[in-house]
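This report looks at charged side-chain pairs. It asks where their partners sit relative to the surface.

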Amino acid sequence: MRLSSFILLMLLGLICPNSSSAQQRISSSVTHPWQGKRIAYFGDSITDPRNKASKKKYWGFLGEWLDLTTYVYGVSGRQWNDIPRQANLLKTEHGDEVDAILVFMGTNDYNNAVPIGQWYTEKMSNVEYGHGYVKRKEARMQRILCKDASTYCGRINIALDTLKQLFPTKQIVLLTPIHRGGFYANEKNWQCTEDYQNRCGEYLENYVEAVKEAGNLWAVPVIDLHSLCGLYPMLDVHAQYFNNGSTDRLHPNDAGHERIAKTLYYQLLSLPCHF
């Protein structure tokens, strides 16, 4: 970044030496595009208001800082195949009275060894085409979106097709899964750390990358919390951001959620909330 650009951003409050006053600095000089809007949150236990790992979730911090009207539909343990249900429930309860939807999902698909699958199948089809001559039918390979609900890509395709159909004029933002430490609730719920493959031979990063790919495929923005929020429960020093250093480095505590929220606060500055 050139010095002149840095100074300009300093004056605007977008870069501030004292990070503890970040929200105050920016609110005094720039109106956040998501200020005062109506936001729906879809997801799993990290979004679920009933999860006791934290008293305040990332959406609670955002709601406080930006004076948001908040609709939360996340449910513990759910996977991408639950997004159509959450979307239909939002539509039933609030219709089009929502400005944007954030989808924070994928970590349970990894834990439950859902195969990654593929975005498309292909078949040979006939298509009419003409360029510099009279149009005619030509045989060409055609891609068809995979809607296999037993695969990760198929589930995401079904979910985003549902969201785009139900909310065609709304902003939809995908959030990648964050890093996973161990979660040891009891003998029947014992989840290993992310440095192990799941039962279908995939690492967590492959599920993160698939969410990024979905952004390109479906024309939706993606915020990569996996890298941007900085939470890394594989290190003992980062246990301070999670529910319990010995038994639960999967669910962020209040400090972890605040860190996620601050990341979203600044990333959302670059995105329109409504169209």
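At 53% relative accessibility, E64 lies over the 50% cut-off, so E64 counts as exposed. Its salt-bridge partner is K56, with the closest N and O atoms 2.5 Å apart. K56 has 24% relative accessibility and therefore counts as partly exposed.

The model is predicted. Across the whole structure, a search finds 16 salt bridges. Three pairs are set out below.

| Pair | Closest N and O atoms | Accessibility of the acid | Accessibility of the base |
|---|---|---|---|
| E64 and K56 | 2.5 Å | E64, 53% | K56, 24% |
| D82 and R85 | 2.7 Å | D82, 7% | R85, 37% |
| D96 and K91 | 2.7 Å | D96, 43% | K91, 26% |

**A buried acid**

Is D82 buried or exposed? D82 is buried, because its relative accessibility of 7% falls under the 20% cut-off. D82 forms a salt bridge with R85. The closest N and O atoms of D82 and R85 are 2.7 Å apart. R85 itself counts as partly exposed, at 37% relative accessibility.

**Two partly exposed partners**

K91 pairs with D96 in a salt bridge, and their closest N and O atoms are 2.7 Å apart. K91 is partly exposed, with a relative accessible area of 26%. D96 also counts as partly exposed, at 43%.

**A shared network**

Which residues do salt bridges with shared partners join into one network? They are R38, E97 and D99.

Key:
Residues are numbered from 1 along each chain as its sequence is written. This is a predicted model: local features need pLDDT of at least 70, side-chain atom pairs count only at pLDDT 80 or more; totals for chains, interfaces and linings use all residues. Side-chain values use heavy atoms; hydrogens and water are left out. A salt bridge is a side-chain nitrogen of Lys or Arg within 4 Å of a carboxyl oxygen of Asp or Glu. Buried means under 20% relative accessible area, exposed over 50%, partly exposed in between (1.4 Å probe, protein chains only).
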